[in-house]
Amino acid sequence: MTAITPIRLRAEDEEDLKVVSACLQDAILPIGDMCFQPDEKRFVMVVNRFRWESADRPRPGPTADDDDLAPYERVHCGLRVEGVTGAKLRGFDLKDRGRMLELLSMETVEGGVALQFAGGGCVRLDAPSWRMVVEDLGEPWPTGCKPCHPDEPEQSQIA
């Protein structure tokens, strides 16, 4: 079994962003791990990315006794958006630096990019001409938790 290559992606348009968004779906981060740098016209954040590309494969290397307890992986992943002239937040307070956010999706919006988080939070980046780079940082670590997205309400919730 060969190791899965760390991702290094660039996005410059809506189609590229769809790919990056899929790779970062369900990434988690504390609010304190994101920053708008106005002098550099840059937005950066470091997330704990769920490695969807390896979710249905056995982990590479020797088998460990606890592989069934932690069959999935996460990895630190850096995201940098260049060309950002402003950043607006909705649904959370930057002063709550320990609060964890879960990234659901990223999409182009008129004049920039929007990052949508679970619970209704959003970061809107004003960036008429933007460029995004996403890169895994370091080695992945095992996790027993796989994010799930129920497509339909459970039967007990239907009246």
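Me: Two strands pair if DSSP finds at least two bridges between them, and strands themselves are DSSP runs (E, at least two residues; helices are H or I, at least four), numbered from the N terminus. With that in hand, what makes β2 and β7 a pair?

Reply: First, a word on the model. This is a predicted model, in which local features need pLDDT of at least 70 and side-chain atom pairs count only at pLDDT 80 or more, while totals for chains, interfaces and linings use all residues. Residues are numbered from 1 along each chain as its sequence is written, and side-chain values use heavy atoms, leaving out hydrogens and water. Now the strands: β2 (residues 28–30) and β7 share 3 bridges in the antiparallel sense, which satisfies the requirement of at least two, so they count as paired. One place to look is Leu29, whose bridge partner in β7 is Leu101.

Me: How do you know that β7 and β8 pair too, and in which sense?

Reply: DSSP gives 6 bridges between β7 and β8, in the antiparallel sense, so the requirement of at least two is met here as well. Val109 stands opposite Gly112 of β8. The hairpin of these strands has 2 residues between them, and Gly111 there takes a positive phi near 85°.

Me: Which residues other than glycine have a positive phi?

Reply: Asp26 and Lys41 are among them: phi is about 75° at Asp26 and about 50° at Lys41. Most residues other than glycine have a negative phi. Asp26 sits in the loop between α1 and β2, and Lys41 in the loop between β3 (34–37) and β4.

Me: Why is Asp26 called buried or exposed, and what about Lys41?

Reply: Buried means under 20% relative accessible area, exposed means over 50%, and partly exposed lies in between (1.4 Å probe, protein chains only). Asp26 has 0%, so it is buried. Lys41 has 46%, so it is partly exposed.

Me: What makes the residues around Phe43 a nonpolar core?

Reply: The term covers buried Ala, Val, Leu, Ile, Met, Phe, Trp, Tyr and Cys residues joined through side-chain atoms within 4.5 Å. The largest such core has 29 residues, and Phe43, Leu115 and Met132 touch the most other members. At least two core residues come from each of α1 (14–24), β4 (42–50), β5 (72–82), β7 (100–109), β8 (112–117), β9 (122–126) and β10 (131–143). Not counting residues up to four places away in sequence, Phe43 touches, among others, Met34, Leu79, Leu115 and Val123; contact here means heavy atoms within 4.5 Å. As background, nonpolar side chains tend to be buried together in soluble globular proteins.

Me: How do you know that the buried residues of α1 line one face?

Reply: The buried residues of α1 are Leu17, Val20, Ser21 and Leu24. Down the helix axis they fall within an arc of 105°, so they line one face of α1; the arc is that of the directions from the helix axis to the C-beta atoms. These residues pack against β1 (8–11), β4, β5, β7, β8 and β10.

Me: What joins the side chains of Arg49 and Glu53?

Reply: A polar contact, meaning a pair of N or O atoms within 3.5 Å; within protein, one must be able to donate a hydrogen and the other to accept it, and residues adjacent in sequence count only if both atoms are side-chain atoms. Arg49 and Glu53 are joined at 2.9 Å, and the side chains of Arg49 and Asp136 at 2.8 Å, so both distances fall within the cut-off. Arg49 lies in strand β4 and has 0% relative accessibility, so it counts as buried.

Me: Why is the pair of Phe50 and Trp52 called edge-to-face?

Reply: Rings of Phe, Tyr and Trp (its six-membered ring) pair if their centres lie within 6.5 Å; planes under 30 degrees apart count as stacked, over 60 as edge-to-face and the rest as tilted. The structure holds 3 aromatic pairs. Phe50 and Trp52 are 4.7 Å apart centre to centre with 65° between the planes, an edge-to-face pair. Phe50 and Tyr72 lie 5.9 Å apart centre to centre at 50°, a tilted pair. This second pair links distant parts of the chain, with Phe50 in strand β4 and Tyr72 in strand β5, 22 residues apart. Phe50, Trp52 and Tyr72 form one aromatic cluster.
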